[in-house]
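Dear colleague,

Please find below the structure that I am handing over to you. I set out afterwards what was found in it.

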Amino acid sequence: HRVNEAAMVLFQELLHSASGTGAREYLEGRGLGKEAMERFQLGLSPRGGEDLLKRLAAGGFSSQQAVAAGLATRREDGPARDMFRGRLMIPIRDDRGRLAGFDGRSLDNAEPKYLNSPRTPVFDKSRILYAFYQAKEGIRQKREGVVVEGYMDAITAHQHGFENVVATMGTAVTEAQVRLLLAVGQRFVLALDPDTAGQAATFRSLQSSWQRFQHRIAAVRRGVTFYERPFEVTLSVAVLPAGQ
């Protein structure tokens, strides 16, 4: 977590420097203001292959720690290299607010468009909902949560006052993510992308992750299984206009 926080400081500095002009223009073109950039701690990764590693080394972090955190890669006996280069950096915090990993969005059409941190001891994208840490109080207060598909969708929603919005870390909603949501609310809306992949993900989520919680095992005593009463969960699907 500490090495991720140290990396984020550099990313934020770069975004707000002369080198970050293009990235800031991209964000402004997406309708994101300075307040949203700061609240969600957006940044920009350096283009060089060792700039982050050098900065971390100056702060007392080894290349091994950077690799373990998913901030750098190492091929067999070769030197470590920065994982993210010239990408818009979106910090990803877990449900306790700890900085677990990053998503790097391509700004120059490089593939992949979105590059997530690899799985690490603190980052497992199937167990994290983007913006859940910021949204969980809003979900409690409004007694309703909205699940969208993209990071930018969640940030934009929060910027416009919809503070009960979270984003999946992929397309389908996993059981671990459902557990997070059910800990703070019981009424949810899936507002995933209206394309074919988004619609398929909606149905996969309905059929698997959510249905598994209709009859939870409460305890097993002397070979007898006791079930809790089903959650009274209201789950809706928002059908969005095509292309929006």
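I begin inside one of the sheets, where Leu88 stands opposite Arg105 in β5. Please keep in mind throughout that this is a predicted model.

The pair just named belongs to two strands that run antiparallel: β4 (residues 88-93) and β5 (residues 99-105) are joined by 6 bridges. Further along, Ile90 has Asp103 of β5 opposite to it. The two strands form a hairpin with 5 residues between them, and in the turn Gly97 has a positive phi of about 90 degrees.

On its other side, β4 is joined to β1 by 2 bridges, again in the antiparallel sense. Here Gly43 has Met89 of β4 as its bridge partner. The complete sheet is open and antiparallel, with 4 strands in the order β1-β4-β5-β6. Because β1 (43-44) and β6 each have a single partner strand, they stand at the edges, and one side of each is left without a neighbour in the sheet. Helix α7 (residues 151-159) packs on this sheet and touches β4, β5 and β6; its direction makes about 75 degrees with that of β4.

Is strand β4 enclosed or open to the outside? Since 6 of its 6 residues are buried, β4 is largely enclosed by the rest of the structure. Both of its faces are covered: Leu88, Ile90 and Ile92 are buried on one side, and Met89, Pro91 and Arg93 are buried on the other.

Arg93 deserves a closer look. This residue of strand β4 has a relative accessible area of 14% and, because buried means under 20%, it counts as buried. Which polar partners does the side chain of Arg93 have? One is the side chain of Gln41, in a polar contact of 2.9 Å. Another is the backbone oxygen of Gly97, which lies 2.8 Å from a polar atom of the Arg93 side chain; Gly97 is the residue of the hairpin turn described above. Leaving aside neighbours within four places in sequence, Arg93 is also in contact with several other residues, among them Glu5, Met8, Ile128 and Leu129.

A second buried residue of interest is Ser117, in the loop between β6 (114-116) and α6 (132-142). Its relative accessibility is 5%, and it therefore counts as buried. The side chain of Ser117 reaches the backbone nitrogen of Phe102 at 2.8 Å. With neighbours within four places in sequence left out, Ser117 is in contact with Phe84, Gly101, Phe102 and Phe123.

I turn now to the nonpolar residues. In soluble globular proteins, nonpolar side chains tend to be buried together. In this model, the largest nonpolar core has 49 residues, and Leu27, Leu42, Leu56, Leu71, Phe102 and Tyr130 have the most contacts inside it. Helix α1 (residues 2-15) gives the most to this core, with 7 residues. What does Leu27 touch, if residues up to four places away in sequence are not counted? Leu27 touches Leu15, Leu32, Met37, Leu42, Leu88 and Met152. There is also a second, separate core of 15 residues, which includes Ala135, Ile139, Val166 and Leu180.

Another open sheet has 4 strands in the order β8-β7-β9-β12, and its pairing is parallel. Its edge strands, β8 (165-167) and β12 (234-237), each pair on one side only. On average, neighbouring strands of this sheet are turned by 25 degrees against each other, direction ignored. Within it, β7 (residues 145-148) and β9 (residues 187-191) pair over 4 bridges, and Val147 has Leu190 of β9 as its bridge partner. Helix α6 lies across β7, β8 and β9 and runs at about 140 degrees to β8.

Finally, some values for the whole protein. It has 9 helices and 12 strands, and 43% of its 244 residues count as buried. Of the contacts with a separation of 6 or more, 65% are between residues 24 or more positions apart. The C-alpha atoms fill a box of roughly 60 × 45 × 30 Å along the principal axes. How does the radius of gyration stand against that of a compact globule? For 244 residues such a globule would have a value near 18 Å, and the 20 Å of the protein agrees with this.

With kind regards

Methods: Residues are numbered from 1 along each chain as its sequence is written. This is a predicted model: local features need pLDDT of at least 70, side-chain atom pairs count only at pLDDT 80 or more; totals for chains, interfaces and linings use all residues. Side-chain values use heavy atoms; hydrogens and water are left out. A nonpolar core is a set of buried Ala, Val, Leu, Ile, Met, Phe, Trp, Tyr and Cys residues joined through side-chain atoms within 4.5 Å. Buried means under 20% relative accessible area, exposed over 50%, partly exposed in between (1.4 Å probe, protein chains only). Contact means heavy atoms within 4.5 Å. A polar contact is a pair of N or O atoms within 3.5 Å; within protein, one must be able to donate a hydrogen and the other to accept it, and residues adjacent in sequence count only if both atoms are side-chain atoms. Two strands pair if DSSP finds at least two bridges between them. Axes are lines fitted to C-alpha atoms, for helices over the stretch in contact, and angles run from 0 to 180 degrees between N-to-C directions. The radius of gyration is taken over C-alpha atoms; the globule rule is 2.2 Å times the number of residues to the power 0.38.
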